[in-house]
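Please take a moment to look over the sequence and the structure shown below. The paragraphs that follow move from a few side chains to the helices that carry them.

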Amino acid sequence: MATGRTHRPATRSRGIPEATVARLPLYLRALTALSERSVPTVSSEELAAAAGVNSAKLRKDFSYLGSYGTRGVGYDVEYLVYQISRELGLTQDWPVVIVGIGNLGAALANYGGFASRGFRVAALIDADPAMAGKPVAGIPVQHTDQLETIIQDNGVSIGVIATPAGAAQQVCDRLVAAGVTSILNFAPTVLNVPDGVDVRKVDLSIELQILAFHEQRKAGEEAASGDGGVTVAARTESADQGPDGDVPAVMPA
């Protein structure tokens, strides 16, 4: 996921690479599913398959945690859940504010997975005065005029932005000024933040466009295999041209 600033160095204070950190939630999700089924141990191959990575990479990642498993037995599921949760900081309560309570913000507020993963929605904030006081997921929406006070009173360090793109940077600036140091951005724009502030961007339209690219490629390959080996480029050269023989513009972002 892209951020609006230069990334920090590739290793963290305990020497765990960022790529490993990014995979820890995948392992935790798979392990949690095993724990819910009362599975006591799991092999590296089984866990790697469940997490969608190769087993060698998994064993390397776990070595940074000091966990090597037991030959012939595998990894203790409950202990790994605890280890990874502790490393990710999920053994403590993290108050979170969500700014922008439209359809997406309301859906995030109603998501039941936050609490079970160490996050507590401390407040819902919106700029629309008509929203003030209305309960969403049992939490009354508060006006953006109170943003700074809410953050300070609740000790919030993580903010979620679900506003329209035009309002996102201003909201981001206010969150940072109030003491928020980590932001999850759902707005379709790149945020500029100072050093020391982490931003994770979630853009569903970009992910769908990437999937559309792969679907188009698969369709082209299937068509090519049915044309006796004629290449996709050769078959589509004329189709790719506009009415004046020019290649049309690509799909807008």
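Which residues do ring pairs link into a cluster? In this predicted model, the cluster is formed by Tyr27, Phe62 and Tyr75, which ring pairs link together.

It helps to take the pairs one by one. The structure holds three aromatic pairs, and one of them joins Tyr27 to Phe62, whose ring centres lie 5.0 Å apart with the planes at 75°, so this pair is edge-to-face. An angle over 60 degrees is what the term edge-to-face requires. The pair of Tyr27 and Phe62 links distant parts of the chain, since Tyr27 belongs to helix H1 (residues 18–36) while Phe62 belongs to helix H3 (residues 55–63), and the two are 35 residues apart.

Are these two residues buried or exposed? Tyr27 is buried, with a relative accessible area of 0%, and Phe62 is likewise buried, with a relative accessible area of 0%.

From Phe62 the path continues to Tyr75, because the rings of Phe62 and Tyr75 also pair, with centres 5.1 Å apart and planes at 85°, which again makes the pair edge-to-face. This pair, too, links distant parts of the chain: Phe62 sits in helix H3 and Tyr75 in strand S2 (residues 75–76), 13 residues apart. Tyr75 counts as buried as well, at 5% relative accessibility, because the term covers values under 20%.

Now step back from the rings to the helices. The axes of H1 and H3 come within 11 Å and cross at roughly 105°, so H1 is roughly perpendicular to H3. Which residues meet where H1 and H3 are in contact? On the side of H1 they are Thr20, Arg23 and Tyr27, and on the side of H3 they are Lys57, Leu58, Asp61 and Phe62. Sorted by class, this contact has three nonpolar, one polar and three charged residues.

Finally, consider H3 by itself. Its residues Leu58, Asp61 and Phe62 are buried, and they lie on the same side of H3 because they cover an arc of only 95° around the axis. What covers the buried residues of H3? The cover includes H1, helix H2 (44–51), S2 and helix H4 (77–88). Phe62, which is one of the buried residues of H3, thus brings the reader back to the cluster that ring pairs form with Tyr27 and Tyr75.

Note on methods
Residues are numbered from 1 along each chain as its sequence is written. This is a predicted model: local features need pLDDT of at least 70, side-chain atom pairs count only at pLDDT 80 or more; totals for chains, interfaces and linings use all residues. Side-chain values use heavy atoms; hydrogens and water are left out. Rings of Phe, Tyr and Trp (its six-membered ring) pair if their centres lie within 6.5 Å; planes under 30 degrees apart count as stacked, over 60 as edge-to-face and the rest as tilted. Helices (H or I, at least four residues) and strands (E, at least two) are DSSP runs, numbered from the N terminus. Buried means under 20% relative accessible area, exposed over 50%, partly exposed in between (1.4 Å probe, protein chains only). Axes are lines fitted to C-alpha atoms, for helices over the stretch in contact, and angles run from 0 to 180 degrees between N-to-C directions. Angles under 35 degrees count as roughly parallel, over 145 as roughly antiparallel, 65 to 115 as roughly perpendicular and the rest as oblique. Contact means heavy atoms within 4.5 Å. Ala, Val, Leu, Ile, Met, Phe, Trp, Tyr, Cys and Pro count as nonpolar, Asp, Glu, Lys and Arg as charged, and the others, Gly among them, as polar. The arc is that of the directions from the helix axis to the C-beta atoms.
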